[in-house]
Amino acid sequence: MISREQWIDEGLVVLAEQGTAGLRIDKIAGRLGLTKGSFHHHFAGIEGYRQAILDRYEQDALDATGRALAAVAGLPPRDALTRLPDHVSFDPRLEAAVRGWAFADPAARTVQERVDTARLDALTRLWHDVLPDPAAAHTAALVPHLLMIGGATALPTPGQADMRAVFALLATLVPTVR
């Protein structure tokens, strides 16, 4: 029997590939080789399923943020900024799909706001080690935060090597991390 988690996994894949329009029970059941009855064994309806997908996206994003920042913790500021993209793990297609969803759905917007707030707070804490003024640390944190959002939504989406090069360039442009 397929698990609830497998339904959510497939929903995230479909969301990244097709956006919210692809989140149809019949289509996802077909992809999994199942009937809609299997879906209803795990979820009360499409809204519950969509919320489960959003919940997983949020948890995965928060976990990835924690892992990325832990990986660069203790490095000199320039090295931390340069290496941050090596440790950021998110699917830009999924990121763009959830951001698009957030414009049309209050639940998705709430989740995306929490994810963005957590990411920005984590980056601000990282920058606070370099810039003790909270306002300056926040402004500095906005730069990589917005770069990642822009990179995820750009077409064509920049690859990992491109994002690494952008962050390396950014490190050379910020006088306080030299």
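How do the residues of the lining of the largest cavity divide into nonpolar, polar and charged? This tour comes back to that question at its third stop, after a look at the whole chain, and it should be kept in mind throughout that the model on screen is predicted.

**First stop: the whole protein**

Begin with everything selected and shown as a cartoon, where the secondary structure comes to nine helices and zero strands, so that the order of elements from the N terminus on reads α-α-α-α-α-α-α-α-α. If you turn the view along the principal axes, the C-alpha atoms fill a box of roughly 60 × 30 × 30 Å. Switching to a surface shows what the protein exposes, about 9,300 Å², with carbon and sulfur atoms supplying 59% of that area. Of the 178 residues in the protein, 41% are buried. The contacts are worth a thought as well, for among those between residues at least 6 apart in sequence, 61% join residues at least 24 apart.

**Second stop: helix α1**

Next, select residues 4-18, which form helix α1. Its 15 residues, at 1.5 Å a residue, should span 21 Å, and because the end C-alpha atoms are in fact 21 Å apart, the expected and computed lengths agree. Show the side chains of W7, I8, E10, G11, L12, V14, L15 and A16, which are the buried residues to look for in this helix. If you then ask what covers them, the cover includes α2 (25-32), α3 (36-42), α4 and α6. Just after α1, select G19, which takes a positive phi of about 75°.

**Third stop: the cavity**

A search of the whole structure finds one cavity of 30 Å³ or more, and about 260 Å³ of space lies in it. It is lined by 16 residues, of which T65, V88, R119, L123 and M148 are the closest to its centre, so these five make a good selection. The elements that give two or more residues to this lining are α4, α7 and α8, with α4 giving the most, five residues. To return to the opening question, the lining of the largest cavity divides into 11 nonpolar, three polar and two charged residues.

**Fourth stop: the pocket**

Now move to the largest pocket, in which about 210 Å³ of space lies. Among the 15 residues that line this pocket, select V72, A80, L126, W127 and D129, which are the closest to its centre. Two or more lining residues come from each of α4 (46-72), α5 (77-87) and α7 (106-128), and the largest share, four residues, comes from α7. By class, the lining of this pocket has 12 nonpolar, one polar and two charged residues.

**Fifth stop: E95**

Is E95, which is found in helix α6 (residues 92-104), buried or exposed? Its relative accessibility is 2%, and because buried means under 20%, E95 counts as buried. Select E95 together with Y57, F90, Q112, R119 and A152, which are the residues that E95 touches when those up to four places away in sequence are not counted. R119 has already appeared on this tour, as one of the residues closest to the centre of the largest cavity.

**Last stop: P156**

Finally, select P156, which is found in the loop between α8 (134-153) and α9 (160-173). Look at the peptide bond that runs from L155 to P156, for this bond is cis, with omega near -5°.

Notes: Residues numbered from 1 in each chain as written. Predicted model: local features only at pLDDT ≥ 70, side-chain atom pairs only at ≥ 80, totals over all residues. Heavy atoms only, no water. 1 Å grid on protein atoms, 1.4 Å probe; cavity = no way out; pocket = protein on both sides within 12 Å on 5 of 7 lines; lining within 4 Å. Points joined across faces, edges and corners; volume = space filled by probe spheres on them. Nonpolar A, V, L, I, M, F, W, Y, C, P; charged D, E, K, R; others polar. Buried < 20%, exposed > 50% of the residue type's maximum accessible area, 1.4 Å probe, protein only. Contact = heavy atoms within 4.5 Å. Expected span 1.5 Å × (residues − 1). Areas by Shrake-Rupley, 256 points an atom, 1.4 Å probe, with all protein chains shown as cover.
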